[in-house]
Amino acid sequence: MTDFDPATFANVGPKEFAQLVKSTPDDKIAQVMSGDMRDKVLGEVFGRMPSLFRADRAGSTNAVIHWVITGRPDGGSDTYEVVIADGACVVNETPQHDPKLSLTMGPVEFLKIVSGGANPVMMFMTGKLKAKGDLGLAANIANLFDIPKA
């Protein structure tokens with residue numbers, strides 16, 4: 001599997017997904033994420049978050065995080081809400097709560113972060129990732145999930 005084909009996402013595990021993102025040129029990822037398959041890709045990624053959540057690392061963390069992924073074909077963005085409370089992680093496709101943290105990034109940067117192929121702190125420092133709200137939570141968010149490494 002060397003082509004970035006969103007139709008295969010449902011059939012691969014997190015590590016294979018990370019390898020797929022790592023081996024695909026940014027322009028190809030951008031092309032896929034600006035087309036018809038964008039919703040499927042985002043749905044698959046956010047659908048896996050609860051199973052990759054590490055309650056043992058979250059401790060008493062209670063937070064609402066809005067992930068804003070820019071670059072929709074219509075020029076807009078998609079916002080997914082991740083709620084961490086009472087040792088569980090729930091994802092909402094439509095935000096329902098005020099966020100403690102909002103993370104805004106392009107689709108290529110998003111896929112690199114969730115596949116372990118990018119350093120979120122460096123992306124923040126270079127302006128590729130914008131964080132608003134609890135920056136301490138932003139710095140620690142990767143520790144709350146089993147992020148695969150390609």
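Select K112 to begin: at 24% relative accessibility, K112 counts as partly exposed. The model on the screen is a predicted one.

**Stop 1: the partner of K112**

Add D26 to the selection. D26 and K112 form a salt bridge, with 2.8 Å between the closest N and O atoms. K112 belongs to helix α5 and D26 to helix α2, so the pair ties together parts that are 86 residues apart in sequence. D26 counts as partly exposed, at 38% relative accessibility. Side chains of opposite charge can pair when their charged atoms come close. The structure holds 10 salt bridges, and further ones follow at a later stop.

**Stop 2: helix α2**

Now select residues 26-33, which make up helix α2. Which residues of α2 are buried? They are I29, V32 and M33. These residues cover an arc of only 95° around the axis, which puts them on the same side of α2. Turn the view to the face directed away from this buried side, and the exposed residues D27 and Q31 are there.

To see what the buried residues of α2 pack against, show α1 (14-23), α3 (38-52) and α5 (107-114). One of these helices, α5, also holds K112, the salt-bridge partner of D26 in α2.

**Stop 3: charged residues along helix α3**

Move to α3 and select K40, E44 and R48. K40 forms a salt bridge with E44, and their closest N and O atoms are 3.7 Å apart. K40 and E44 are 4 residues apart in helix α3, a separation of about one helical turn. K40 has a relative accessible area of 32% and is partly exposed. E44 also counts as partly exposed, at 22% relative accessibility.

E44 has a second salt bridge, with R48, where the closest N and O atoms are 3.9 Å apart. R48 and E44 are likewise both in helix α3, 4 residues apart, or about one turn of the helix. Is R48 buried or exposed? With a relative accessible area of 18%, R48 is buried, because the cut-off for buried is under 20%.

For another group of charged residues, select R38, R72, D74 and D78, which are joined into one network by salt bridges that share partners.

**Stop 4: N92 in strand β3**

Select N92, located in strand β3 (residues 88-92). N92 counts as buried, at 14% relative accessibility. What does the side chain of N92 make a polar contact with? The partner is the side chain of E81, at 2.8 Å. Leaving aside residues up to four places away in sequence, N92 touches Y80, E81 and V83.

**Stop 5: the largest pocket**

Finish at the largest pocket, where about 550 Å³ of space lies. The pocket is lined by 31 residues, of which I113, P120, I141, A142 and I147 are the closest to its centre. Select these five and center the view on them.

Then color the elements that contribute to the lining. At least two residues each come from α1, α3, β4 (101-105), α5, α6 (120-125), β5 (129-133) and α7 (135-140). Which element gives the most to the lining? It is α3, with 5 residues. Three of the helices colored here, α1, α3 and α5, are the ones that the buried residues of α2 pack against.

Conventions. Residues are numbered from 1 along each chain as its sequence is written. This is a predicted model: local features need pLDDT of at least 70, side-chain atom pairs count only at pLDDT 80 or more; totals for chains, interfaces and linings use all residues. Side-chain values use heavy atoms; hydrogens and water are left out. Buried means under 20% relative accessible area, exposed over 50%, partly exposed in between (1.4 Å probe, protein chains only). The arc is that of the directions from the helix axis to the C-beta atoms. Contact means heavy atoms within 4.5 Å. A salt bridge is a side-chain nitrogen of Lys or Arg within 4 Å of a carboxyl oxygen of Asp or Glu. A polar contact is a pair of N or O atoms within 3.5 Å; within protein, one must be able to donate a hydrogen and the other to accept it, and residues adjacent in sequence count only if both atoms are side-chain atoms. On a 1 Å grid over the protein atoms alone, a cavity is a set of points where a 1.4 Å probe fits but cannot get out, and a pocket is an open set with protein on both sides within 12 Å along at least five of seven lines; lining residues have an atom within 4 Å of a point. Grid points are joined across faces, edges and corners, and a volume is the space filled by probe spheres set on the points.
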